[in-house]
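Student: I've got a chain open on my screen and I'd like to talk it through. Can we go step by step?

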Amino acid sequence: LLHHQIHSRNRWFPLTLTFDKTVSPASNIAVRILGITEEHLTGSGWRNHIAGFTCAAGVLGKVFDRGALSLILETFTENEITVSMLPNYGKNTAKWWRYKWSREAQRYQLERVWTTPRRVCKPTTVMAGQCYEAAP
């Protein structure tokens with residue numbers, strides 16, 4: 001993964017660029033997807049943000065934007081982005097969201113929301129490969 005420090009407005013939550021990838025959901029469209037992690041300096045919390053941008057005729061457009069505490073990028077293809085979020089304290093389920101590229105809207109749109117048994121991930125995990133199923 002790509003890791004670059006980014007200037008943060010809050011010195012207690014430095015920002016790190018964790019991934020930067022360009023995809024083409026349509027033949028004439030390039031989307032740049034960025035993953036940014038904010039982790040508290042004392043290790044008491046972290047937040048991930050995933051955003052997608054296009055540029056056409058010099059105009060920047062946002063086509064995807066999702067951020068949350070413990071947000072995990074589960075799958076990412078040119079036409080689909082699936083994210084999940086670890087459960088809140090005391091909950092035994094994780095929530096998932098699947099977004100699909102819409103040719104009509106020219107952006108990623110929510111297609112499905114569901115829940116699964118909880119999972120455990122390393123702090124600051126953005127990619128799903130670092131998660132494992134939690135014991136019941």
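What follows is a chat between a student and a tutor about this predicted model.

Student: Let's start simple. How many helices and strands does the chain have?

Tutor: Follow the elements from the N terminus and you read β-β-β-β-β-β-β-β-β-β-β. No helix turns up in that run, so the count is 0 helices and 11 strands.

Student: And how much of the chain is buried?

Tutor: Here a residue is called buried when its relative accessible area is under 20%. The chain has 136 residues, and the buried share of them is 40%.

Student: There's a sheet I can see that is open. In what order do its strands come, and which ones stand at the edges?

Tutor: This open sheet has 4 strands with antiparallel pairing, in the order 6-7-8-9. Two of them have a single partner strand each, so one side of each is left without a neighbour in the sheet. Those edge strands are strand 6 (71–76) and strand 9 (107–117).

Student: By how many degrees are neighbouring strands in it turned against each other?

Tutor: Ignore direction and take the average over neighbouring strands of this sheet. The turn comes out at 20°.

Student: Let me look at strand 6. How is it joined to strand 7, and which residue is the bridge partner of Leu71?

Tutor: A hairpin links strand 6 to strand 7 through 3 residues. The two run antiparallel, with 5 bridges between them. On the strand 7 side, Leu71 has as its bridge partner Met85.

Student: Is strand 6 mostly covered or mostly open, and how many of its residues are buried?

Tutor: Strand 6 stands at an edge of the sheet. Even so, strand 6 is mostly covered, and the number of its 6 residues that are buried is 5.

Student: Now the other end of the sheet. How many bridges join strand 8 to strand 9, and which residue stands opposite Ser102?

Tutor: Strand 8 covers residues 93–102 and runs antiparallel to strand 9, with 10 bridges joining them. Opposite Ser102, in strand 9, you'll find Arg107.

Student: Gln106 caught my eye. Where is it, and what is odd about its phi?

Tutor: Gln106 lies in the loop between strand 8 and strand 9, and is partly exposed at 36% relative accessibility. Most residues other than glycine have a negative phi. Gln106 is not a glycine, yet its phi is positive, at about 60°.

Student: Ala57 has a positive phi too. Is it buried or exposed?

Tutor: Look in the loop between strand 4 and strand 5 for Ala57, whose phi is about 55°. The cut-off for exposed is over 50%. Ala57 has 86% relative accessibility, so it counts as exposed.

Student: What about Thr54, buried or exposed?

Tutor: Thr54 sits in strand 4 (residues 46–56). Beyond its neighbours within four places in sequence, its contacts include Ile29, Val31 and Leu60. Its relative accessibility is 17%, which is under 20%, so Thr54 is buried.

Student: Last one. How many residues does the largest nonpolar core have, and which have the most contacts inside it?

Tutor: In soluble globular proteins, nonpolar side chains tend to be buried together. The largest such core in this chain has 19 residues, and strand 2, strand 3, strand 5, strand 6, strand 7 and strand 8 each supply at least two of them. Ile81, for one, is in contact with Ile33, Trp97 and Tyr108, among others. The residues with the most contacts inside the core are Val31, Ile33, Ile50, Ile81, Val83 and Tyr108.

Notes
Residues numbered from 1 in each chain as written. Predicted model: local features only at pLDDT ≥ 70, side-chain atom pairs only at ≥ 80, totals over all residues. Heavy atoms only, no water. Buried < 20%, exposed > 50% of the residue type's maximum accessible area, 1.4 Å probe, protein only. Contact = heavy atoms within 4.5 Å. Pairing = 2+ DSSP bridges. Axes fitted to C-alpha atoms, helices over the stretch in contact; angles between N-to-C directions. Core = buried A, V, L, I, M, F, W, Y, C linked by side-chain atoms within 4.5 Å.
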